[in-house]
Amino acid sequence: MSRAVTATLRVNGEERTVAFPGHHTLLEVLREECALTGTKHGCELGECGACTVLVDGRPVLSCLTLACQHEGREIETVEGLADGNRLGPLQVAFADLGAAQCGYCTPGILMAAEAMLREQPRPSRERIAEQLSGNLCRCTGYLKIVEAVEWAAAVRRGEDAGPPPEILFGHPEPGRPGGDAPGRRPSETASSNT
Amino acid sequence: MLRLPPFRLRTPSSLEEAARIVAGEGPAARFVAGGTDLWPNMKRRHQKADTVVSLMAVPGLAELRGDTGGNLEIGGTVTLDRVERDERVQTRFPALARAVASISSPPLRNMGTIGGNLCVDTRCTYYNQTEEWRRSIDYCLKEEGTVCWVAPGSSRCWAHTASDSAPMLAALGARVRLAGAEGEREIPLADLYRDDGIDYLGKRPEEVLSRVVVPAEADAGHCRSAFWKLRRRGSIDFAVLSVAVALWQEHGVVTRARIHLGAVASWPVGAEKAAEALVGRPVGDEEAIREAAKLVRRVATPMDNTDFLAQWRGVMAERYAESALREASGLEVTGLAPNHRLVG
Ligand SMILES: Cc1cc2nc3c(=O)[nH]c(=O)nc-3n(C[C@H](O)[C@H](O)[C@H](O)COP(=O)(O)OP(=O)(O)OC[C@H]3O[C@@H](n4cnc5c(N)ncnc54)[C@H](O)[C@@H]3O)c2cc1C
Ligand code: SF4
Ligand code: FES
Ligand code: FES
């Protein structure tokens, strides 16, 4: 009944022509056809936010949308946040502050936060909480997540703000997420999204 | 992975064609807009469809505009996020902005549409479960079963209305346009609903909700409105109760009022007697408000089919009605804060 369709999807700036059953969700196609497993599957019913990606810059739950309806649109996943092997400010802030514990919610939260920071470089704490209110995290208690987003926002604005280095994980250089020392820490060179 | 069952997706480019496909295929076909209600329901096999007809490619259906008479026209596929952020909605219909902003979560509001929200399926604890769970209780009336587990002696389904925009738009006196295979008709939004958990929409299956018309006379220049929503968490959760009120006044006296409730009946039930109790009384008359709130409680028929105890939701219907009416009357609001969202 549902035929296989062939579609060209633009994911993280790269065109991919993939064939998949027409009733498959964007989540299924990203993970199974595009092998982009950074996008997680949690509830698959819209309740947890683990599968959040950006479509034309706005957050979308990939578990509740059909892949075939996304031709010609700009899809962004967590894999697109890094520039080559250099992680983006949000990623570094999450890693260094311990805002990711088991990490399952992290890709979805990063994408929801990314969408907000592009529109609003200086979000209030309440705005951050509101933006992330569709994303559940069972580990962190959310405080570190909010702090990491605030820190990444400051870095993106070019401010030299940040938590005291002694509270950071790893081997803190002066705390600058996405700073100018590529390869200084494993978390900044390896993609931790699989 | 929790996968959708296979179906054929159609993407018509006109309202007539959309209506014709569904009219031709009968119950085996369904519309989809944002899919944030239909896809979860199909994944859990509550709702079935061989053909799914997407409305997202119909031109003009995603328009939000003011018409010449000062009414606001919201196209069926305008996303909730656009309604919530629209400056005209925020300044002219602030309670509508609040009701819409209280729905689901930011990504879901970016996907879900106003038409989908008005047609959203009714909900019940015995229904919104996995297929295995439902099979283990032999389903219920809303599916293939023979019993209503909420009221086993009842011959009807008591699943409750889940839409937050419906009670608000009904209170504002909005109208909806329905486009069928043979043209369009316009009806009061309140008439779109039926007091039945299964057959909850009073429209033909092939009719597309093409537009919501919010009347100029209900804007902030003429009318004071408020929306209060009760739920466990400030996001994601559906309402277990919502109260929408709209008041019109002249020289400090209430001339007209409308009160509609969400989540405590199978439809966005109107509390007409309560509204009548306010008419002719001074705006902000605390005794009139208390009287009206008591009458609101009488029309609420909460059942034990969602979060929290039904009886408590009934008590809260009175409390929230009082608070919403106080807010709309410009009185200080005490007691519980409305759980609209994390940020007001
Ligand atoms: C986790 C979660 C939380 C939610 N919380 C809330 C909440 O708090 N409040 C709330 O109100 N809703 C909530 N929802 C339900 C849903 O997201 C919204 O109601 C949303 O607005 C539905 O819109 P949609 O476009 O996605 O609908 P769809 O899923 O596309 O459609 C819903 C139904 O309406 C029909 N339909 C859609 N558009 C039209 C049209 N134009 N004409 C005729 N029929 C049409 C479809 O056939 C389908 O039966 C929640 C959903 C989830 C998954
Ligand atoms: S109210 Fe009764 S019939 Fe309706 S969904 Fe619930 S258990 Fe089923
Ligand atoms: S997996 Fe999509 S919201 Fe949970
Ligand atoms: S870090 Fe484990 S769920 Fe968020």
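Which hand does the crossing of α11(B) and α12(B) have, left or right? The views below start from that pair of helices, in a model that is predicted.

**View 1. Helices α11 and α12 of chain B pack against each other.** The crossing of α11(B) and α12(B) is right-handed, which settles the opening question. Two packed helices are described by the angle between their axes and the distance between the axes. Here, α11 (residues 286–299) and α12 (residues 310–328) of chain B make an angle of about 145°, and their axes lie 8 Å apart.

**View 2. The residues where α11(B) meets α12(B).** From α11(B), the contact takes in Glu286(B), Ile289(B), Arg290(B), Ala292(B), Ala293(B), Lys294(B), Val296(B) and Arg297(B). Facing them from α12(B) are Gly314(B), Val315(B), Ala317(B), Glu318(B), Ala321(B), Glu322(B), Leu325(B) and Arg326(B). Sorted by character, the residues of this contact come to 8 nonpolar, 1 polar and 7 charged.

**View 3. Glu25(B) in helix α1 of chain B.** This helix spans residues 15–25. Glu25(B) has a relative accessible area of 29%, so it counts as partly exposed. Beyond its neighbours within four places in sequence, Glu25(B) is in contact with Arg8(B), Arg10(B) and Thr51(B). For Glu25(B) and Thr51(B), the separation is 26 residues in sequence and 8.0 Å between C-alpha atoms.

**View 4. Arg31(A) in helix α1 of chain A.** Here the helix covers residues 26–33. Is Arg31(A) buried or exposed? Arg31(A) counts as buried because its relative accessibility is 19%, and buried means under 20%. Setting aside residues up to four places away in sequence, Arg31(A) touches Leu36(A), Thr37(A), Thr39(A), Lys40(A) and His41(A), along with Met1(B) from chain B. The C-alpha atoms of Arg31(A) and His41(A) are 9.2 Å apart, with the two positions 10 residues apart in sequence numbering.

**View 5. Chain B as the setting for Views 1 to 3.** Stepping back for a moment, chain B has 12 helices and 11 strands. Its C-alpha atoms fill a box of roughly 60 × 50 × 35 Å along the principal axes. The radius of gyration of chain B is 20 Å, which agrees with the value near 20 Å for a compact globule of 344 residues. Of those residues, 56% count as buried. Among contacts between residues at least 6 apart in sequence, 63% join residues at least 24 apart. Chain B exposes about 13,900 Å², and carbon and sulfur atoms supply 49% of that area.

Conventions
Residues numbered from 1 in each chain as written. Chains lettered and ligands numbered in written order. Predicted model: local features only at pLDDT ≥ 70, side-chain atom pairs only at ≥ 80, totals over all residues. Heavy atoms only, no water. Axes fitted to C-alpha atoms, helices over the stretch in contact; angles between N-to-C directions. Helix = DSSP H or I, 4+ residues; strand = E, 2+ residues; numbered from the N terminus. Left-handed = near helix turned anticlockwise from the far one by under 90°. Contact = heavy atoms within 4.5 Å. Nonpolar A, V, L, I, M, F, W, Y, C, P; charged D, E, K, R; others polar. Rg over C-alpha atoms; globule rule 2.2 N^0.38 Å. Buried < 20%, exposed > 50% of the residue type's maximum accessible area, 1.4 Å probe, protein only. Areas by Shrake-Rupley, 256 points an atom, 1.4 Å probe, with all protein chains shown as cover.
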